[in-house]
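Let's take a walk through this protein together, starting with its open spaces and then turning to a few single residues. Keep the 3D view at hand as you read.

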Amino acid sequence: MKVNTVFLNHAFIAETQASLLVTDLSIQRGYGIFDFFKTINGKPVFLDDHIARFYNSAKKMHLQISQTPAELKDIIAELMQRNNLPDSGIKMTLTGGYAADAYTLPAAQNLIITQTALTLPKGLQAEGTTLVTYPYQRQFSEMKTLDYAMAIWLQPFIKEKNANDVLYQYNGFVRETPRANFFIVTTEGEVVTAKDNILAGVIRKNILNLEDTGFQLTEREFSVEELYNASEAFMTSTTKNILPVLKVDGKEIGDGKVGKITTQLSALLLKKIG
């Protein structure tokens, strides 16, 4: 069985040899950040966007990345060469670092970069998905932290509601899913995604930046009730691209089928990804 190479702090090592001390704040307190991007045919997708978000998350969480963005790119390129995984997911993790008292943020953090083979959807997944809403506002919502406790804790609830994932709402306004941004298409054809108190996803950004779509793309608050009355809905992420959402809280969105605007935006996104 092939053993992949990982990067840990300043060295490339076999993933079976990579380890952290138990005093790391990621273990003791769940403190740290990460970012994740995909490669297709050996080419990183939207790498600059992911690296920029990684550094932004680090800065806002008071963490230090020893490498410059250019050095980080060189490390990623060498990791890809060593592992030879054309279609893959690469995860950059920055932990809180070693704290003797399991609480005080140390000056140095631990950087881990891993790469694993990844099978990606080739087109729009027409079978779509179903969600159930839950009242919750992620803390540090603008940073991609390691904290997924709520999402994991809610798994029995999601299963009980016969849904595939959870959609967070707060005070009646839609936010995001644990691992994806969320969009609706109104009956007037407006494409809407939440503006504040969410993680600014890279796929979300590249959809909002699409040119000459002929659609009105808007960032604003929208309610759960507006979601129920939408004509289409979809979620976006690095691994999902655009995934149609056909049912929320047991209610069909629109006619319960993949919508025309969702299909057109998916084609435009896939073209941009290459």
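The largest pocket has a volume of about 670 Å³. Its lining is made up of 33 residues, and F34, K144, Y148, P178 and R179 are the closest to the pocket's centre. Please keep in mind that you are looking at a predicted model.

Where does the largest pocket lie with respect to domain 1 (5-117) and domain 2 (129-273)? It lies between them, because both domains give residues to its lining. Several elements each supply at least two residues of that lining: the strands β3 (32-40) and β13 (232-237), together with the helices α2 (47-60), α4 (149-153) and α6 (202-208). Of the lining, the largest share comes from α4, with 3 residues. If you colour the lining of the largest pocket by class, you will find 15 nonpolar, 10 polar and 8 charged residues.

Now step back to the domains themselves. The domain assignment of the protein chain gives domain 1 as residues 5-117 and domain 2 as residues 129-273. Taken over C-alpha atoms, their centres are 27 Å apart. The two domains also meet directly: 21 residues of domain 1 are in contact with 19 residues of domain 2.

Next, the enclosed space. Rolling a probe the size of a water molecule over the atoms shows where empty space is left. A search of the whole structure turns up 1 cavity of 30 Å³ or more, and the space in the largest cavity comes to about 30 Å³. Its lining consists of P121, G123, L124, Q125, K240, N241, I242, S266 and L270. Strand β14 (241-248) and helix α8 (260-273) each provide at least two of the residues lining the largest cavity. By class, this lining holds 4 nonpolar, 4 polar and 1 charged residues.

With the spaces mapped, let's zoom in on single residues, beginning with D24. You will find D24 in the loop between β2 (11-14) and α1 (25-28). Is D24 buried or exposed? D24 counts as buried because its relative accessible area is 0%, and the cut-off for buried is under 20%. Its side chain makes a polar contact of 2.7 Å with the side chain of T95. Beyond its neighbours within four places in sequence, D24 is in contact with T95, G96, G97, Y98 and N110. For a sense of scale, try D24 and L131: they are 107 residues apart along the chain, and their C-alpha atoms are separated by 35 Å.

N4 is another residue to pick out, in the segment before β1 (5-8). Its relative accessible area is 11%, so N4 is buried. The N4 side chain reaches the backbone oxygen of Q115 at 3.2 Å. Setting aside residues up to four places away in sequence, N4 touches I13, A14, E15, N83, L85, Q115 and T116.

Our last stop is N181, which sits in strand β10 (residues 181-185). N181 counts as buried because its relative accessibility is 4%. What does the side chain of N181 reach at 2.8 Å? Its partner is the backbone oxygen of L199. Not counting residues up to four places away in sequence, N181 touches E176, I198, L199, A200, G201, R204, F234, M235 and T236.

Key
Residues numbered from 1 in each chain as written. Predicted model: local features only at pLDDT ≥ 70, side-chain atom pairs only at ≥ 80, totals over all residues. Heavy atoms only, no water. Helix = DSSP H or I, 4+ residues; strand = E, 2+ residues; numbered from the N terminus. Buried < 20%, exposed > 50% of the residue type's maximum accessible area, 1.4 Å probe, protein only. Contact = heavy atoms within 4.5 Å. Polar contact = N/O pair within 3.5 Å; in protein donor to acceptor, adjacent residues only side chain to side chain. 1 Å grid on protein atoms, 1.4 Å probe; cavity = no way out; pocket = protein on both sides within 12 Å on 5 of 7 lines; lining within 4 Å. Points joined across faces, edges and corners; volume = space filled by probe spheres on them. Nonpolar A, V, L, I, M, F, W, Y, C, P; charged D, E, K, R; others polar. Domains from an automatic or database assignment.
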